[in-house]
Amino acid sequence: MRVAETLSSNIDDVALIFEGGGMRVAYTAAVVQMLLAEGLHFDWVAGISAGSSNLVNYLSRDPERARKSFVEFAADPNFGNLGTFLRGKGMFNAEYIYEHTSAPGQVLPLNFETFTANPARARIGAFECDTGRAVYWTKDDVPTLVDLVRRVRSSSTMPVVMPKVHLDGHVYVDGALGPSGGIALDAAKADGFTKFFVVLSQERGYVKKPASAQWASRAYFRGFPAAVVALSARHLNYNRTREELFDLEAAGQAYLFVPEKMPIANGTRDVAALQAAFDAGLDQARREVPKWREFLGR
């Protein structure tokens with residue numbers, strides 16, 4: 001798809017936030033498709049981890065790529081497995097997934113021209129292991145497709161199962177280790193927003209537990225003590241941010257898309273199960289559109 005006309009935003013007073021969750025985003029990729037089908041174009045969008053893929057697909061206005069990225073693509077023989085993990089490339093073959101497939105003529109070509117032409121602001125969250133700092137990259141940080149996909153990969157690098165990313169003199173992993181716990185509410189508030197449309201990937205009653213297999217995490221983060229501390233606090237940060245979102249929802253300041261039932265896990269690779277999750281998300285999104293419009297004043 002090429003840019004056929006001047007792109008514009010029509011929602012500038014509400015922040016759009018995509019949570020990650022690995023392959024659970026097959027369910028929430030349906031929200032990307034429905035937002036685009038309904039012509040709901042937010043002027044400010046944030047994503048962390050797999051949520052940054054939703055962000056990129058939304059801002060490049062590519063609903064089919066949003067679906068394929070978390071459904072059929074899981075069957076790609078280069079997607080990753082124990083073999084790629086043992087070779088140091090990760091259980092999810094991140095370099096291939098993010099940096100190879102997005103190029104023109106590849107499996108999941110990304111329309112960087114449309115992404116760039118879209119006037120909406122973007123915030124891609126990652127965690128800087130060597131400093132212990134959460135970062136949010138903007139469009140100013142991604143002048144080329146290579147810059148963009150490298151940062152989406154960094155944001156999505158799940159500790160232990162994917163290799164850390166070295167970029168611009170720093171070392172990065174999944175933005176979920178930041179103080180928000182993986183939901184970029186902090187970035188939206190820092191940019192002055194008081195209303196939020198948040199796409200979550202866990203059911204309403206979900207409560208995150210402390211990270212397991214901490215010995216593996218300590219080995220993975222050897223030499224990065226700030227990252228070890230951040231990982232140990234992730235469940236607390238995540239649960240706190242969710243509680244704040246529920247309070248904002250009760251006050252009428254947030255609309256939360258919350259999966260009615262999350263049928264898959266972050267590592268699910270069965271294409272039929274992923275498609276079923278996408279279909280369930282699409283059904284829920286269709287039913288919620290009138291509520292979306294009411295909240296957004298459209």
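1. A cavity is a set of grid points where a 1.4 Å probe fits but cannot get out, and its lining residues have an atom within 4 Å of a point. With that in hand, welcome to this structure, which is a predicted model. One cavity of 30 Å³ or more is found in the structure. Its volume is about 300 Å³, and 24 residues line it. If you would like to find the spot on screen, look for Ser 53, Ser 69, Phe 70, Ile 97 and Tyr 98, the lining residues that lie nearest the centre of the cavity.

2. Which elements give two or more residues to the lining of the largest cavity? They are helix H2 (50–59), helix H3 (63–70), helix H5 (94–100) and helix H7. The largest share, four residues, is from H2. Sorted by class, the lining of this cavity has 15 nonpolar residues, eight polar ones and one charged.

3. Next comes the largest pocket, with a volume of about 750 Å³. Its lining is made up of 32 residues, and those nearest the centre are Met 158, Pro 159, Lys 208, Arg 234 and Asn 266. Helix H11 (residues 234–250) gives the largest share of this lining, three residues. By class, the pocket lining holds 14 nonpolar, eleven polar and seven charged residues.

4. Two backbone angles deserve a look. Most residues other than glycine have a negative phi. Val 160 has a positive phi, near 75°, and sits in the loop between helix H7 (145–155) and strand S5 (165–167). Asp 168 is not a glycine either, yet its phi is positive at about 50°; this residue is in the loop between S5 and strand S6 (170–174).

5. Are these two residues buried, partly exposed or exposed? Val 160 has a relative accessibility of 27%, so it counts as partly exposed. Asp 168 reaches 60% relative accessible area and is therefore exposed, the cut-off for that class being over 50%.

6. Now to the charged pairs. Side chains of opposite charge can pair when their charged atoms come close. The count for this model is 14 salt bridges. One of them joins Arg 121 to Asp 43, with the closest N and O atoms 3.9 Å apart. Arg 121 belongs to strand S3 (residues 121–128) and Asp 43 to the loop between helix H1 (25–37) and strand S2 (44–48), so this pair ties together parts 78 residues apart in sequence. Arg 121 is partly exposed at 33% relative accessibility, whereas Asp 43 is buried at 18%.

7. Another salt bridge is formed by the side chains of Glu 249 and Arg 204, at 2.9 Å from N to O. The pair links distant parts of the chain, 45 residues apart: Glu 249 is in helix H11, and Arg 204 is in the loop between strand S7 (196–199) and helix H9 (214–220). Glu 249 is partly exposed, at 27% relative accessible area, and Arg 204 is partly exposed too, at 41%.

8. Where does Glu 128 find its partner? The side chain of Glu 128 meets that of Arg 133 in a salt bridge of 3.1 Å, N to O. Glu 128 is buried, with 1% relative accessible area, while Arg 133 is partly exposed at 45% relative accessibility.

9. Finally, a small group to pick out by eye: Glu 64, Arg 67 and Glu 72 are linked in a network of salt bridges.

Notes. Residues numbered from 1 in each chain as written. Predicted model: local features only at pLDDT ≥ 70, side-chain atom pairs only at ≥ 80, totals over all residues. Heavy atoms only, no water. 1 Å grid on protein atoms, 1.4 Å probe; cavity = no way out; pocket = protein on both sides within 12 Å on 5 of 7 lines; lining within 4 Å. Points joined across faces, edges and corners; volume = space filled by probe spheres on them. Nonpolar A, V, L, I, M, F, W, Y, C, P; charged D, E, K, R; others polar. Buried < 20%, exposed > 50% of the residue type's maximum accessible area, 1.4 Å probe, protein only. Salt bridge = Lys/Arg side-chain N within 4 Å of Asp/Glu carboxyl O.
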